[in-house]
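Let's take a walk through this model together, one piece at a time. Keep the structure open beside you and follow along as the residues come up.

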Amino acid sequence: MIGNRHAAVTLAMALGLLTACGSGDGLPEVTRIDEPAPIRLRGEGPPGSNPETCHGKDETPAVIETVTHHVEVPAVLDADGNVVSPASVRTEVVQEIVEEREALWFESLCPDQMTPEFVASVQRALAARGLYDGAAEGVMNTGTRAAIRAFQKPQGLNSSVLSLAAARQLGLIEVERITR
């Protein structure tokens with residue numbers, strides 16, 4: 001009985017602490033941590049790029065494969081030819097890099113263009129294509145980045161950073177006119 005009373009007191013204290021730290025409605029506040037913003041710097045980019053434009057830099061992850069090998073271990077014999085240790089098979093598991101990590105540079109929007117209103121437009125455009133199912137709240141969150149990657153990957157850019165070309169394809173940035 002004392003154990004149950006102790007557990008009830010502990011639970012009541014914990015709930016009191018959560019309420020004290022909460023938003024006033026009895027529920028604790030939740031801090032949302034989204035992934036860090038990718039590199040988008042004006043004047044930094046791949047060699048030969050226009051210093052007046054912004055570039056995204058992302059890295060593709062290395063592809064690692066786990067390979068299992070079965071290695072035969074021969075029998076060990078003593079000087080008289082008697083078996084000290086019989087033959088056996090040992091299993092070795094090795095990880096091998098199948099595809100190296102790769103740095104990707106591409107022209108992207110500059111930080112001043114990535115306003116909450118613009119990000120909400122990106123979310124709506126991706127939702128219209130069935131790639132994003134969250135709210136168009138204007139926050140570049142994990143779901144938005146996953147949808148951006150899903151949109152760009154078939155076009156050869158496996159990145160969660162929105163490229164300028166993808167923004168144009170989504171109809172969010174004007175398409176440059178070619179003058180002749």
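Start with E59, which counts as partly exposed because its relative accessibility is 40%. Bear in mind as you look that this is a predicted model. E59 sits in strand β2, which covers residues 54-60. Now look across to L104: it lies 45 residues away from E59 along the chain, yet the two C-alpha atoms are separated by 5.6 Å. If you set aside the neighbours within four places in sequence, E59 is in contact with R101, E102 and A103.

Slide along a little to A62, and a similar kind of pairing turns up. A62 is placed in the loop between β2 and β3, the latter strand being residues 63-73. With a relative accessible area of 31%, A62 is partly exposed, because that value falls between the 20% limit for buried and the 50% limit for exposed. Its C-alpha is 4.2 Å from that of R101, although 39 residues separate A62 and R101 in sequence. Not counting residues up to four places away, A62 touches E99, E100 and R101. So R101 is a partner you meet twice on this stretch, as a contact of E59 and as a contact of A62.

Time to zoom out. The protein chain holds 4 helices and 7 strands. Read from the N terminus, the order is α-β-β-β-β-β-β-β-α-α-α. Of the 180 residues in the chain, 24% count as buried. What share of the contacts between residues at least 6 apart in sequence join residues at least 24 apart? The figure is 53%, and the E59–L104 spacing, 45 residues in sequence and 5.6 Å in space, gives you a feel for how such distant stretches come together.

Next, head for the largest nonpolar core, which has 18 residues. Within this core, L109, F118, L126 and L162 touch the most other members. The elements giving two or more residues to the core are α2 (116-128), α3 (142-152) and α4 (164-169). Of the elements, α2 gives the most, with 5 residues.

L162 is a handy place to stand and look around. Leaving out its neighbours within four places in sequence, L162 is in contact with F106, S108, L109, F118, V122, I148, Q152, A167 and L170. Two names on that list, L109 and F118, are also among the core residues that touch the most other members.

How do α2 and α3 sit relative to each other? Their axes come within 10 Å and cross at roughly 55 degrees. Angles from 35 to 65 degrees fall outside the parallel and perpendicular ranges, so α2 and α3 are oblique to each other. The crossing of these two helices is left-handed. At the meeting point, V122, Q123 and L126 in α2 face T144, A147, I148 and F151 in α3 as contact partners. V122 and I148 should look familiar, since L162 is in contact with both.

One last stop is about charge. Side chains of opposite charge can pair when their charged atoms come close. The count of salt bridges here comes to 1. R90 and E92 form it, with their closest N and O atoms 2.7 Å apart. Both ends are partly exposed: R90 has a relative accessible area of 41%, and E92 has one of 29%.

Definitions and conventions
Residues numbered from 1 in each chain as written. Predicted model: local features only at pLDDT ≥ 70, side-chain atom pairs only at ≥ 80, totals over all residues. Heavy atoms only, no water. Core = buried A, V, L, I, M, F, W, Y, C linked by side-chain atoms within 4.5 Å. Buried < 20%, exposed > 50% of the residue type's maximum accessible area, 1.4 Å probe, protein only. Contact = heavy atoms within 4.5 Å. Salt bridge = Lys/Arg side-chain N within 4 Å of Asp/Glu carboxyl O. Axes fitted to C-alpha atoms, helices over the stretch in contact; angles between N-to-C directions. Parallel < 35°, antiparallel > 145°, perpendicular 65-115°, else oblique. Left-handed = near helix turned anticlockwise from the far one by under 90°.
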